[in-house]
2 protein chains.
Amino acid sequence: MLLFWRHGYESTSLTDLTTALGVTPPSIYAAFGDKKRLFLEAVGRYVGSPMTSSSIIANAKTARDAAVALLTASAIGFTGVDSPPGCLLASAAISCSPDAADVQRELTTIRRSIEHELTSRIAQDVESGVLPRGVHSETLSAHVMAVIQGMSTLARDGAARAKLLRVCETAMLAWPS
Amino acid sequence: MLLFWRHGYESTSLTDLTTALGVTPPSIYAAFGDKKRLFLEAVGRYVGSPMTSSSIIANAKTARDAAVALLTASAIGFTGVDSPPGCLLASAAISCSPDAADVQRELTTIRRSIEHELTSRIAQDVESGVLPRGVHSETLSAHVMAVIQGMSTLARDGAARAKLLRVCETAMLAWPS
DNA sequence: AGTATTCCGTAGTGATTGATACACAAAATA
DNA sequence: TATTTTGTGTATCAATCACTACGGAATACT
């Protein structure tokens, strides 16, 4: 997972994986089938630890809290000391060859589902009057997602955690009162 | 440039390039040296057309105008009908093998210089009183850059131009009055 | 204890990667 | 017109890619 996180799906060779794991290719292929499924397994581990975006959104009292929690968790997760900078979902398969188009679509689906969950949570608060009527939930959600994906690039470019956390605060200034 | 834009640096093979250009490998190597320099040449063409970020920032009356112009130009440029979705700078060399680390650093340098120019433009408005004292120019600039880089991912995931333009408006709600 | 099964390392598969030696042809120069 | 220079295609380079056939060792079952 860390190798895919740092170097991406296609640029992580089987040699990289076997040497890092201390095993030989047949072991990997017996356990996972092929490189594609191994990668998706690693993605599953990434999105499920330590806390899923879904649970963050579900456990938040308000949509605003959900947005703050998502942004903050991202800023922290993208600048871990013993993990590659940035977001695996945002960087591992952004640009790839046609052979990996299905892998690319898989990550797109995950990103869109997170965005959709946040959109629904916002719409729920608009519905219940917590957020003013007229708020465009889809746009508000897209802005939060854009900041998250963008912070991944900033982190990869060397931005410190404190800087990303300040970006989160700034992004939340766009949140309707 | 379009091939690198769509598939990234490493996933664009020399075969892709030669067949698209209608030439054979020796012609490319005689003209550009190697794949790395050809890519950087394509990047230079990308950042210089039709308008550079530097000129957008320089020609804007205020830092706010610069931010709006950068965001809008990005939203439009990332959703062109006859160009790949997203931003070449944001996607072509985000995750790559150690062999391409220098290419990665090159794009990081470009991204950081754009961010730095915007930071300076904001600081200038704070200095002259156009923006209130206490505004953290670096954070404000980083937020704009994050939204831009994030919109690249949204565009690659299929977001429409109108949606990205609405994201731009939302992002500008975080701008100090 | 003897047999069957699972597991993994050795070694190598064909295909593709970026990059080149060489020869020939067109064009520029003398 | 003769000669040099430039440029491109043919064919191929070693290296690496994801992937696998096969044999031997360790384990599980009878």
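This report walks through a predicted model, from the DNA side to the core and then to the contact between the chains.

**Around DNA strand D**

Let's start with the DNA. There are 14 residues around DNA strand D, and the ones that come nearest are A:Ser13, A:Leu14, A:Pro25, A:Lys35 and B:Thr24. Three helices each put at least two residues into the surface near this strand: helix H2 (14–21) and helix H3 (25–32) of chain A, plus helix H3 (25–32) of chain B. H3(B) is the top contributor there, with four residues. As for chemistry, that surface has eight nonpolar residues, four polar and two charged.

**Inside the core**

Now for the interior. In soluble globular proteins, nonpolar side chains tend to be buried together. Here, the largest nonpolar core holds 94 residues. A:Val144, A:Val147 and A:Met151 are among the residues with the most contacts inside that core, and so are B:Val144, B:Val147 and B:Met151. If you pick out B:Val144 and skip its neighbours within four places in sequence, its contacts are B:Ala67, B:Leu70, B:Leu71, B:Leu118 and B:Ala171.

**Where the chains meet**

Chain A puts 38 residues into the contact, and chain B puts in 37 residues. On the chain A side, helix H7 (88–91), helix H8 (101–127), helix H9 (137–156) and helix H10 (161–172) each bring at least two residues. H9(A) has the largest share of that side, at 14 residues.

Here is how the two surfaces split by class:

| Surface | Nonpolar | Polar | Charged |
|---|---|---|---|
| Side of chain A that touches chain B | 17 residues | 14 residues | seven residues |
| Surface near DNA strand D | eight residues | four residues | two residues |

Note on methods. Residues are numbered from 1 along each chain as its sequence is written. Chains are lettered from A and ligands numbered from 1 in the order in which they are written. This is a predicted model: local features need pLDDT of at least 70, side-chain atom pairs count only at pLDDT 80 or more; totals for chains, interfaces and linings use all residues. A residue is near a molecule or strand if its C-beta atom, placed from the backbone, lies within 6 Å of it. Ala, Val, Leu, Ile, Met, Phe, Trp, Tyr, Cys and Pro count as nonpolar, Asp, Glu, Lys and Arg as charged, and the others, Gly among them, as polar. A nonpolar core is a set of buried Ala, Val, Leu, Ile, Met, Phe, Trp, Tyr and Cys residues joined through C-beta atoms within 7 Å. A residue is buried if 20 or more other C-beta atoms lie within 10 Å of its own, exposed if 12 or fewer, and partly exposed in between; C-beta atoms are placed from the backbone. Two residues are in contact if their C-beta atoms, placed from the backbone, lie within 7 Å.
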